Amino acid sequence: MTMAYDNYYLTKDLFGEPYPELMDFFKNFPDRGKLLDLGCGQGRNAIPLVQLGYEVTGIDNSKVGG
Ligand SMILES: C[S@@+](CC[C@H](N)C(=O)[O-])C[C@H]1O[C@@H](n2cnc3c(N)ncnc32)[C@H](O)[C@@H]1O
């Protein structure tokens, strides 16, 4: 089944850079732990959060972006 974002996600990095306020929050958070990114899309936030040291589970119903 084709989901709403499938065609949009044919474009690389559709939503651009990670969400700045979210990254600032997690950069400054004292502990690294597990995060759940519901609707993670192409991983624009999930991937840099992994790079910060978090264990991120991303879920998305688009087979193209998720
Ligand atoms: C506005 S996009 C944001 C994507 C990503 N969080 C980002 O910031 O780049 C919303 C995302 O939610 C996903 N989504 C919408 N409804 C969903 C559902 N019921 N289950 C899983 N993912 C869903 C879409 O496929 C899409 O990737």
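Which residue in E2 does aspartate 37 stand opposite? The legends below take up this and other local views of a predicted model.

**View 1. Overall layout of the protein chain in the predicted model.** The protein chain contains two helices and two strands. Read along the sequence, their pattern is α-β-α-β. The C-alpha trace spans about 40 × 20 × 15 Å along its principal axes. Of the 66 residues in the protein chain, 26% are buried. Take the contacts between residues at least 6 apart in sequence: 47% of them join residues at least 24 apart.

**View 2. Strands E1 and E2 run parallel.** E1 covers residues 34–38, and E2 covers residues 55–59. Five bridges join the two strands. Aspartate 37 stands opposite glycine 58 in E2. Leucine 36 stands opposite threonine 57, also in E2. Together with H2, the strands E1 and E2 make a β-α-β unit, and this unit is right-handed.

**View 3. Side chains alternate along E1.** In a regular strand, side chains alternate between the two faces of the sheet. In E1, Leu35 and Asp37 point to one face and are buried. Lys34, Leu36 and Leu38 point to the other face and are not buried. Asp37 on the buried face is the residue that stands opposite glycine 58. Leu36, on the other face, is the one that stands opposite threonine 57.

**View 4. The largest nonpolar core has seven residues.** Its members are Met23, Phe26, Leu35, Ala46, Leu49, Tyr54 and Val56. Helix H1 (20–28) and helix H2 (46–51) each supply at least two residues of this core. In soluble globular proteins, nonpolar side chains tend to be buried together. Leucine 35 comes to the core from the buried face of E1. Leaving aside neighbours within four places in sequence, leucine 35 is in contact with Phe26, Leu49, Tyr54, Glu55, Val56 and Thr57.

**View 5. Phenylalanine 26 is a core residue in helix H1.** Why does phenylalanine 26 count as buried? Phenylalanine 26 counts as buried because its relative accessibility is 14%, and the cut-off for buried is under 20%. Beyond its neighbours within four places in sequence, phenylalanine 26 is in contact with Arg32, Leu35, Leu49, Leu52 and Tyr54. Among these partners, Leu35, Leu49 and Tyr54 also belong to the core. Phenylalanine 26 and glycine 53 are 27 residues apart along the chain. Their C-alpha atoms are separated by 9.9 Å.

**View 6. Asparagine 45 sits in the loop between E1 and H2.** Is asparagine 45 buried or exposed? Asparagine 45 is buried, with a relative accessible area of 15%. A polar atom of its side chain lies 2.9 Å from the backbone nitrogen of tyrosine 19. Apart from neighbours within four places in sequence, asparagine 45 is in contact with Pro18, Tyr19, Leu22, Met23 and Asp37. One of these partners, Met23, is part of the largest nonpolar core. Another, Asp37, is on the buried face of E1.

**View 7. Tyr5, Tyr8, Tyr9 and Phe15 form one aromatic cluster.** The structure holds eight aromatic pairs. Tyrosine 9 and phenylalanine 15 form an aromatic pair that is edge-to-face. A pair of aromatic rings is described by the distance of the centres and the angle of the planes. For tyrosine 9 and phenylalanine 15, the centres are 6.5 Å apart and the planes are at 75°. Tyrosine 9 is buried, with a relative accessible area of 9%. Phenylalanine 15 counts as partly exposed, at 46% relative accessibility.

**View 8. Aspartate 13 has a positive phi.** Aspartate 13 lies in the segment before H1. Its phi is about 50°, although aspartate 13 is not a glycine.

**View 9. Aspartate 24 has its place in helix H1.** Aspartate 24 counts as partly exposed, at 42% relative accessibility. How far apart in space are aspartate 24 and threonine 11? They are 26 Å apart, C-alpha to C-alpha. In sequence, the two are 13 residues apart.

Note on methods: Residues are numbered from 1 along each chain as its sequence is written. This is a predicted model: local features need pLDDT of at least 70, side-chain atom pairs count only at pLDDT 80 or more; totals for chains, interfaces and linings use all residues. Side-chain values use heavy atoms; hydrogens and water are left out. A nonpolar core is a set of buried Ala, Val, Leu, Ile, Met, Phe, Trp, Tyr and Cys residues joined through side-chain atoms within 4.5 Å. Buried means under 20% relative accessible area, exposed over 50%, partly exposed in between (1.4 Å probe, protein chains only). Helices (H or I, at least four residues) and strands (E, at least two) are DSSP runs, numbered from the N terminus. Contact means heavy atoms within 4.5 Å. Rings of Phe, Tyr and Trp (its six-membered ring) pair if their centres lie within 6.5 Å; planes under 30 degrees apart count as stacked, over 60 as edge-to-face and the rest as tilted. A polar contact is a pair of N or O atoms within 3.5 Å; within protein, one must be able to donate a hydrogen and the other to accept it, and residues adjacent in sequence count only if both atoms are side-chain atoms. Two strands pair if DSSP finds at least two bridges between them. A crossover is right-handed if, with the strands pointing away from the viewer, the path from the first strand over the helix to the second runs clockwise.
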